[in-house]
Amino acid sequence: MLQLSAPLRVQDGDWTTEGGSNARANATEQTLALPLDEVWDYDADGAFGPAAAVVADDVVIVVTRKGEVRVLGLEDGRKRGSVDLREPIEGAPVVTNRMLYAPVAAGKRTIVALDFVDGRRVWSLRVGPHDAGLLLDNNTLVAAGRDGTVRGIDPADGTARWQTTPDSLASFFATPVALHDAVIVADDRGRVTTLDLATGAVRWTRELGIPVYASPAVHGGRLFVPTTRGRFVTLDAATGEPGWSAEAESDEVRFSAPAVDDALVVVGASDGRLRAFDPATGRAVWTFLADGNFAAAPLLAGDVVFAGSLDEHVYAFDRATGDVLWQHELDGRVKSTPIVHGDRLIVLAEPRHVHVFAPASPVAASNE
C-alpha cells in the first residue's frame with residue numbers, strides 16, 4: 001500500500017518532475033564531491049523508462065514497466081510504500097507534497113492521481129495509452145497521448161479543461177515542456193507545437209519532418225530538440241524560428257534528451273557519443289566516446305556532468321573539458337537520467353536496480 005505518514009516537504013531543488021523542472025533542463029545547482037561510493041542499492045522488481053524517478057524531501061519514488069510505484073528512503077533505501085497500477089509506466093510521474101500523478105502506457109485507466117498520504121486513488125481517466133511523462137504547471141496537468149491528443153486537466157478532479165490534436169496521425173513520446181503561460185509538445189512525425197496553457201489554443205507550429213521521441217528542453221529563449229535521425233535542433237522558443245543545429249555522422253543516430261544551463265548544453269546519442277555545445281552558438285565544446293550508447297539525458301550538476309551509458313557505467317565529467325573525473329561500473333545498462341539530491345547521486349540501471357552513491361569518506365579514501 002502507498003500511504004506515507006505525512007505530506008512531503010517539497011522544496012526548491014527537489015526533483016519532482018522529469019528533468020528536474022518544467023523546462024526539462026536536467027540541471028541542478030547541487031554539487032557532489034568526487035569520488036563517490038555506493039551506499040545502497042534496491043531491487044525494484046521491474047525495468048525502468050528513461051525518466052523513471054522523482055526525488056523530494058527524504059524519499060525516492062520510482063515507477064516501473066511492471067506498473068509499480070515504489071517509495072524508498074533516500075538515506076537507507078528502505079521501502080516506505082508501494083502501489084501496483086498493473087500496467088507499464090513508461091513516462092515520468094509528477095509529485096507534489098501529497099499527490100502523485102502517473103501516466104500509464106496500457107490498459108483502461110491511463111492517467112492516475114494518487115494521494116499517498118491518505119493512501120487512495122483520487123481519480124483516473126480513460127484516455128488511451130500515455131508513454132510521455134506529465135506536466136503540472138499553473139495548476140494545470142498536461143498529458144500528451146499516444147493517440148496524438150494533448151489534454152489540459154484539472155489536477156484536483158481529473159476534469160478535462162481543454163483538449164487538442166495537432167496531428168491525428170502522430171503519437172507523443174516526448175514529455176511536454178512549459179514556457180511561461182504556454183506548453184510545447186513535439187511528436188513522432190516531427191511537428192513541434194506551442195499551445196496556450198489555459199485554453200489549448202495553438203500559438204505556433206514548426207514542422208521539422210524528423211521524429212522526436214526524447215523530451216526537448218527550453219532555456220534562455222531556445223528550445224533544444226533531440227531527433228531520431230541524426231540531428232539535434234534548436235528553435236526560438238517564442239516563435240518557432242530555426243536556430244543552430246548539429247548533425248551526427250549518420251542519419252540513423254538517435255539523440256537523447258539534453259541537459260542545458262546558461263553556458264553549456266550536453267546531449268547523448270546512440271552512436272556512443274556525449275556531445276557538449278555552446279547553447280547560444282552551437283559551437284562544439286567537447287565530445288566523449290563510450291563503448292555503449294547514451295540513451296537518457298545527462299545531468300549538469302555544478303562543474304560536473306553525470307551520465308549513464310549502455311556500457312554499464314555511470315560517469316562524471318569535467319564540464320569544461322569533458323575529462324572523466326570518476327566512473328563506476330554497474331551490473332546493468334543505464335537507460336535513465338541520473339539525479340543529484342542533497343549528498344546523493346541516484347542511478348537506475350538494468351535489469352531493475354536503484355543505485356545510490358555518496359561522496360567517499362576521508363577514512364575510506366585513505367584506506368584504498
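These exercises work through ring pairs, a sheet and two buried side chains in a predicted model.

**Exercise 1. Classify the ring pair F173 and Y213, and say which parts of the chain the pair ties together.**

Step 1. Set the scene. The whole structure holds 15 aromatic pairs.

Step 2. Take the geometry. The ring centres of F173 and Y213 are 4.8 Å apart, and the planes meet at 25°. Planes under 30 degrees apart count as stacked, so this pair is stacked.

Step 3. Place the residues. F173 sits in the loop between β14 (160-164) and β15 (177-179). Y213 sits in the loop between β18 (202-207) and β19 (217-219). The pair therefore ties together parts 40 residues apart in sequence.

Step 4. Check exposure. F173 has 26% relative accessibility and counts as partly exposed. Y213, at 31%, also counts as partly exposed.

Step 5. Look over the face of Y213. R254 lies there, 5.1 Å from the ring centre.

**Exercise 2. Classify the ring pair F294 and Y315, and state whether these residues are buried or exposed.**

Step 1. Take the geometry. The centres of F294 and Y315 are 6.5 Å apart, with the planes at 55°. Stacked needs under 30 degrees and edge-to-face over 60. The angle of 55° therefore makes the pair tilted.

Step 2. Place the residues. F294 is in the loop between β26 (284-289) and β27 (299-301). Y315 is in strand β29 (residues 313-318). The pair ties together parts 21 residues apart in sequence.

Step 3. Check exposure. F294 and Y315 are both buried.

**Exercise 3. Name the residues that ring pairs link into a cluster.**

Solution. The cluster consists of F224, F232, W244, F255 and F277.

**Exercise 4. Give the strand order of the open sheet that contains β25, and explain why one side of each edge strand lacks a neighbour.**

Step 1. Write the order. Four strands run β23-β24-β25-β26, with antiparallel pairing.

Step 2. Find the edges. β23 (259-260) and β26 each have a single partner strand, so one side of each has no neighbour in the sheet.

Step 3. Follow the bridges from β23. Two bridges join β23 to strand β24 (residues 265-268). V260 has V265 in β24 as its bridge partner.

Step 4. Go to the other edge. Five bridges join strand β25 (residues 273-277) to β26. Here A276 is partnered by W286 in β26.

Step 5. Inspect the turn. The hairpin of β25 and β26 has six residues between the strands, and G282 takes a positive phi near 85°.

**Exercise 5. Describe the surroundings of H130.**

Step 1. Locate H130. This residue is in the loop between β10 (120-125) and β11 (135-137).

Step 2. Check exposure. The relative accessible area of H130 is 0%, so H130 is buried.

Step 3. Find a polar partner. A polar atom of the H130 side chain lies 2.9 Å from the backbone oxygen of G128.

Step 4. List contacts beyond four places in sequence. They include P103, V104, T110, I111, A143 and R151.

**Exercise 6. Which side chain makes a polar contact with the side chain of E68?**

Step 1. Locate E68. This residue is in strand β5 (residues 68-73).

Step 2. Check exposure. Buried means under 20%; E68, at 15% relative accessibility, therefore counts as buried.

Step 3. Name the partner. The side chain of R70 makes the polar contact, at 2.9 Å.

Step 4. Add contacts beyond four places in sequence. Among them are A44, D45, V62, V83 and I89.

Definitions and conventions:
Residues numbered from 1 in each chain as written. Predicted model: local features only at pLDDT ≥ 70, side-chain atom pairs only at ≥ 80, totals over all residues. Heavy atoms only, no water. Phe/Tyr/Trp six-rings, centres within 6.5 Å; stacked < 30°, edge-to-face > 60°. Buried < 20%, exposed > 50% of the residue type's maximum accessible area, 1.4 Å probe, protein only. Lys NZ or Arg CZ within 6 Å of the ring centre and 35° of its normal. Pairing = 2+ DSSP bridges. Polar contact = N/O pair within 3.5 Å; in protein donor to acceptor, adjacent residues only side chain to side chain. Contact = heavy atoms within 4.5 Å.
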